[in-house]
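Please open the structure in a viewer and keep the selection tool at hand. The stops below are to be visited in order.

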Amino acid sequence: MVNRVYKVNSEKQEKRGSKHNQIFMSIVVCMPILAYGTAMGWISPNKALLMGESSPSTKPLTEEEVSWMASIMFIFAPIAVFIYGVAADKFGRKKALLFASIPISIGWVVKLICTHPIALIGARALIGFGSGGGFVVCPLYVKEISEDSIRGMTGTFVIFSQTVGNLLVFILGDLLPFNTVLWILLAIPLVHFCILLRLPETPSYLVKCGKNEETAKVLGWLRSIPHTDSSISEEVDRLIIEQTTSELKFSPKLLFGDKTAVKAFWVALIVNLTREFCGCIAVLVYASHIFAEASKDPNSSIALSPNKQSILLAAVQILGSFLACQLVDRVGRKPLLAITSVVAGFSMCLLGAWFYLRGAGLPGWLPVAALCTCIFADASGLQPLPFVIMTEMFSFQLRGTVATLIMAISLGTDFALIKLFAPLNTWIGYHSTFWIFSVICLSNVFYLIFCVPETKMRDLEDIYADLEGKKRKKKQDDVVETNHV
């Protein structure tokens, strides 16, 4: 099958190959995250419609129903993370990801068939379930098909896909009728399913299944060089050595039995939780509502409608994600993450100050500028880099277990954040909420400086030596990635 579909023409290929197939496949693999981005942003342009007199639902939705629609995805996503995490290790990355698109597709179909509040909430629960699977499998898939020189860039595609989804649904929601948008969003998981059927399993998993010849052919297609090339043979040998030193299964016990791996787990977890608690996810979900609140100020000079301001926000997010793709393999993970944490922290602080002093004559464009700056910083570092760091700090044996645990915890916190964002603003005010987000972002900078090792172009032995406070001399020979014991 692989020989037929992924045949490499050795006469036309240069020996050094190309990265185009890796980039193409990474984009396709991340389409469930694109679908998640559209689902997450769908409420922002549709909230006023759903709660208005002309609501497509059987009756105008209440604030509580909208709150459940926004947060229900993050109840079912953590459950899906464990199921898909085990499935990815047992049945393969490809099969697990294919089945992630099925509940997402069903969710959009339900929205098309019935717009009763309970049906809409149930539909978003299905989409959240499939998205949870995508979030645990996509980073693994992308990491295992990418060579080291572009691993950081392709790793940022996970969040880049989400930002594209946000922008797409904001634009569609502002320009097209309610049902037309739903048909377009349904097409995304269906297209993903059809294309992925023709693409290969990851080389790491093929070696695990003992399919070494097929692994070589897949690597040859991914690297755009003949599968008989010596570099392909060397890469297959490295994967075989890695597989013989580790048994692939979901095993928290194995993870927590290794002191250094536990340190790495806590680093990856804290960096990922900071990504959640920086507040940008809540801001994107409630973007139109926040802009509507800001426009109530008598001194506000905001000329755009709340929906169009949300489109502006998503466009800025796309620019930030694109910048991350360009810089992550040049600057490094740690410096870029620290810089974007500082920028996001000060932007949230400024936004809180504007809401606190609202009516005191501050310029009305200030909240728009602060939000755009914060979202730009978030997309260019805070959102994508934790995924990259998470996959680079663990061996193939532990990678699935770590991704499952971290994504389950992260998505669970998303539910709490989205569900509590509106009540928290009512209780302590927008200004206090944004100041809390600011403190979290700025505190992250100190944690990054003192506790997080750089992972760019480094093997596990180097990274774990940093975690243990040791210095290791670099060797001339290539180091094979194995489980640290």
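**A buried charged pair**

Begin by selecting Glu276 and Arg275, both of which are buried. This is a predicted model. The side chains of Glu276 and Arg275 meet in a salt bridge, with 2.7 Å from N to O.

Next, select Ser410, which has its place in helix α22 (residues 396-451). Ser410 touches Arg275 and Glu276, and also Asn272 and Leu273, when residues up to four places away in sequence are not counted. Ser410 is buried because its relative accessible area, 0%, is under the 20% cut-off.

**The nonpolar core**

Now display the largest nonpolar core, which has 132 residues; Trp42, Trp108 and Phe394 touch the most other members. Helix α22 supplies the largest share of this core, 17 residues. Another core, of seven residues, lies apart from it and includes Ala216, Leu219, Ile225 and Ile232.

**Helix α3 and its surroundings**

Select residues 31-51, which form helix α3. From first C-alpha to last, the 21 residues of α3 reach 30 Å, close to the 30 Å expected at 1.5 Å a residue. Centre the view on Pro45, where α3 has a kink of about 55°. Of the 21 residues of α3, 18 are buried, so the helix is largely enclosed by the rest of the structure.

Within α3, select Lys47, then add Glu63 in helix α4, 16 residues apart from Lys47. Their side chains meet in a salt bridge of 3.0 Å, N to O. How do the two partners compare in relative accessible area? Lys47 is buried, at 11%, whereas Glu63 is partly exposed, at 37%.

Move to Thr62, in the loop between α3 and α4 (63-71). Thr62 counts as partly exposed, at 39% relative accessibility. Add Met51 to the selection: the C-alpha atoms of Thr62 and Met51 are separated by 6.4 Å, and the two residues are 11 apart along the chain.

**A pair within one helix**

Select helix α12 (residues 212-223), where Lys217 and Glu213 lie four residues apart, about one turn of the helix. In an α-helix, residues three or four places apart point the same way, because there are 3.6 residues a turn. Lys217 and Glu213 form a salt bridge, their closest N and O atoms being 3.5 Å apart. Lys217 counts as buried, at 16% relative accessibility, while Glu213 is exposed, at 57%.

Finally, select Asp89, Arg93 and Glu144, which are joined into one network by salt bridges that share partners. A search of the whole structure finds eight salt bridges.

Definitions and conventions:
Residues numbered from 1 in each chain as written. Predicted model: local features only at pLDDT ≥ 70, side-chain atom pairs only at ≥ 80, totals over all residues. Heavy atoms only, no water. Helix = DSSP H or I, 4+ residues; strand = E, 2+ residues; numbered from the N terminus. Buried < 20%, exposed > 50% of the residue type's maximum accessible area, 1.4 Å probe, protein only. Contact = heavy atoms within 4.5 Å. Expected span 1.5 Å × (residues − 1). Bend = angle between axes of the 7 residues up to and from the residue. Core = buried A, V, L, I, M, F, W, Y, C linked by side-chain atoms within 4.5 Å. Salt bridge = Lys/Arg side-chain N within 4 Å of Asp/Glu carboxyl O.
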